[in-house]
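Okay, thanks everyone, let's get going. I'll put the structure up and talk you through it.

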Amino acid sequence: MPFAPVTDSIVRELCAICGDARVIFGDASRLARYGRDQVPEKHLHVPPEVVVMPGSAAEVQAVMRLANRALVPVTPRGAGSGLSGGAIPVHGGICLSMERMDRILEVDTANLVAVVEPGVVTNRLDEVLKPLGLFFAGYPMSEEVCTLGGNAAHNAGGGRAVKYGVTRRYITGLEVVTPAGELLTLGGKRFKDVTGYDLLGLLVGSEGTLGIFTRITIRLLPRPRYRRSLLVLFDGVQPAIETVPEIVIKGRMVPASIEFMDRISFQEACRSLREGIPYQRAGAAMLLESDGSHEAQVAAEARMMESVCLARGPLDVFAADSEEESGRFWKIRKQIPWTLKTLATHSSIEDIVVPVGAIPAIIGKIQALSSQYAVRIPVFGHAGDGNLHAHPLKDPGQTEAAWYDLIPRLLSDLYRETAALGGTISGEHGIGSKRRGYLRLVMDAGQIELLRKIKNVMDPNGILNPGKIFD
Ligand SMILES: Cc1cc2nc3c(=O)[nH]c(=O)nc-3n(C[C@H](O)[C@H](O)[C@H](O)COP(=O)(O)OP(=O)(O)OC[C@H]3O[C@@H](n4cnc5c(N)ncnc54)[C@H](O)[C@@H]3O)c2cc1C
């Protein structure tokens, strides 16, 4: 569908809805900031024609009514920390930035829920919940920068998803503005609901293409009182990665975290942090964690994970009992995506997911692709969920043209290998604009057609976040 441009009269209407100070227009450098997220591929960045920052659901409704009438595309945006180009306005139009809607409206300790606006930075909710002994367990590892609206739109998962699951499990209610500007209220503070189709489940993870979240109700859990973290260094990838199915499947326990870091990821992150841990010999590292309310059980689970690792002859095992020590291990893990981005002028952060038992096999396939394409592909990620971030890096000797010729072929091969093992192309980052051309590798035509029909019912004019998910 052809879209209309943003005219002066549309800008005037946006100013009338949200206020002049809440509209950015005609300032190329400020607009450019809203034209990117954290995908490293600069050619995917596109600035919006105008940015608008609504302060209420009523203002979002008015913006959507205007855009729907004028056929101007609208791209919702949280913090822009996404890794699939989801918040990039690929067709220009209006960037709907939710940054002003950042209030924590209620922490209802009687019902164990929090009600928030979408622009709340995820970690800010955690700071409020900490003294209450509660937490939102579905948070991603970008918690210091991302927003709860972005988490809901991407159905984010994080370093503890192996035990606690991902965001969808914790969203019990959503207030949503539809592309036509209507207001829907789905769910609420109740934890169970099988009344009709699961619209809440459909909206969470819809990547800003079906509706705009203006209020989110989040289920809270008691914060675990004890946790024990292990950082285990191995001389190679294989012994490290083979611990994953052993802990998850044979161990008959559910650890809080099983994070994998290969040699490049681990060593480069440690180096950039000037870490004192003797990382130079490590060929791979695992960050394992158990948590809970009973100290003895947490300790027993940590011992079990340690014994699985010891059977594979690790180089070193470091254990952390305090928040501070465990924070040090997590700092290394969290540093990896930031460091890898600096290692090459061009790279691609991937997000494949396979059944846990297939983790060693997919690592072998990635190593084979690395040799075949003569490209370094560091790998790290949430191995306990089978979710790995392979990160191909352009070789300095390679021309830009050679890289752009190579990367689609490499990704197609990676995704085909992933699918052949029962996996798929994104576990948490989403399809966005970055992966839309590859959806058909993992979904049959009938499924894609059904997704399109759903999109069409919700957004007949196709104005909400076009150019995402579908080719
Ligand atoms: C270093 C790093 C680590 C990361 N680790 C993780 C991780 O562990 N797990 C994980 O899942 N992700 C991770 N991410 C990716 C990213 O942080 C998450 O996808 C996050 O949920 C995006 O939130 P955001 O506020 O930045 O959303 P944005 O990037 O601004 O937007 C993401 C999508 O949500 C839509 N959207 C935003 N707000 C709304 C709204 N109110 N209503 C409807 N749609 C909306 C946008 O249109 C877009 O499609 C990481 C990113 C980085 C840079």
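I'll start with the whole chain and then zoom in on one helix.

One caveat up front: this is a predicted model. So, what's in it? We've got 14 helices and 18 strands in the chain. If you lay the C-alpha trace along its principal axes, you get spans of about 70 × 60 × 45 Å.

How does the radius of gyration sit against a compact globule? For 471 residues you'd expect something near 23 Å, and the chain comes out at 22 Å, so the two agree.

On burial, 55% of the 471 residues count as buried. As for contacts, take those with a separation of 6 or more: 75% of them are between residues 24 or more positions apart.

Now the outside. The chain exposes about 19400 Å², and 52% of that comes from carbon and sulfur atoms. For the electrostatics people: there are 52 positive and 52 negative charges, and their mean positions are 0 Å apart.

Right, on to that one helix, H4, which covers residues 122-129. Which of its residues are buried? That would be Thr122, Asn123, Leu125, Asp126 and Leu129. Look down the axis of H4 and those buried residues fall within an arc of 155°, so they line one face of the helix.

And what do they pack against? On the strand side there's S5 (104-108), S6 (113-116), S7 (134-135) and S10 (212-219). The buried residues of H4 also pack against a helix, H5 (148-154).

That's my tour, happy to rotate the view if anyone wants another look.

Technical notes. Residues are numbered from 1 along each chain as its sequence is written. This is a predicted model: local features need pLDDT of at least 70, side-chain atom pairs count only at pLDDT 80 or more; totals for chains, interfaces and linings use all residues. Side-chain values use heavy atoms; hydrogens and water are left out. Helices (H or I, at least four residues) and strands (E, at least two) are DSSP runs, numbered from the N terminus. The radius of gyration is taken over C-alpha atoms; the globule rule is 2.2 Å times the number of residues to the power 0.38. Buried means under 20% relative accessible area, exposed over 50%, partly exposed in between (1.4 Å probe, protein chains only). Contact means heavy atoms within 4.5 Å. Accessible areas come from the Shrake-Rupley method with a 1.4 Å probe; for residues, only the protein chains shown count as cover. Lys and Arg count as positive and Asp and Glu as negative; His and the chain ends are not counted. The place of a charge is taken as NZ of Lys, CZ of Arg, CG of Asp or CD of Glu. The arc is that of the directions from the helix axis to the C-beta atoms.
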